[in-house]
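Q: Please take a close look at a single part of this model, and set out how that part relates to the rest of the chain.

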Amino acid sequence: MLVCRQDLVPFYTRLGWQSFNGILLVEQPSGTVPFTVNEPMVLPVNDKAPKKGTINLCGLPW
């Protein structure tokens, strides 16, 4: 999984990464919140990668 700026999505797509269209949760001082600053992407391994649903990083986004 990676998160990248919107302008870099085409670059990572060419490398085989796919957009994750679900909810990415991260920890912030206020609690667990959806991460919406950058585009989450996943890399399929053995032709499998979650493209939707919820992924909780259980920590800070950086």
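A: What follows looks closely at strand β5 and its surroundings, and then turns to the rest of the chain.

The model is predicted, so that local features need pLDDT of at least 70 and side-chain atom pairs count only at pLDDT 80 or more, while totals for chains, interfaces and linings use all residues. Residues are numbered from 1 along each chain as its sequence is written, and side-chain values use heavy atoms, with hydrogens and water left out.

The chain comprises one helix and six strands, which are DSSP runs numbered from the N terminus (H or I, at least four residues, for helices; E, at least two, for strands). Along the sequence the pattern reads β-α-β-β-β-β-β.

Strand β5 covers residues 39-42, with Glu39 and Met41 pointing one way and Pro40 and Val42 the other way, and all of them are buried, where buried means under 20% relative accessible area, exposed over 50% and partly exposed in between, with a 1.4 Å probe and protein chains only. Strand β1 (residues 2-4) runs antiparallel to β5 and is joined to it by three bridges; two strands count as paired if DSSP finds at least two bridges between them. Within this pairing, Val3 stands opposite Pro40. Strand β2 (residues 18-19) is also antiparallel to β5, joined through two bridges, and here Ser19 has Met41 as its bridge partner.

Met41 also belongs to the largest nonpolar core, together with Leu2, Cys4, Val9 and Trp17; such a core is a set of buried Ala, Val, Leu, Ile, Met, Phe, Trp, Tyr and Cys residues joined through side-chain atoms within 4.5 Å. Leaving aside residues up to four places away in sequence, Leu2 touches Glu39, Pro40 and Met41 of the strand, as well as Tyr12 and Trp17, a contact being heavy atoms within 4.5 Å.

Elsewhere, three strands form an open sheet of mixed pairing, in the order β4-β3-β6. Because β4 (31-34) and β6 (54-56) stand at the edges with a single partner strand each, one side of each is left without a neighbour in the sheet. Strand β3 (residues 23-28) pairs with β4 in the antiparallel sense over four bridges, and Glu27 stands opposite Thr32 in β4.

For the chain as a whole, 26% of the 62 residues count as buried. Among contacts between residues at least 6 apart in sequence, 69% join residues at least 24 apart. The C-alpha atoms fill a box of roughly 35 × 25 × 15 Å, taken along the principal axes.
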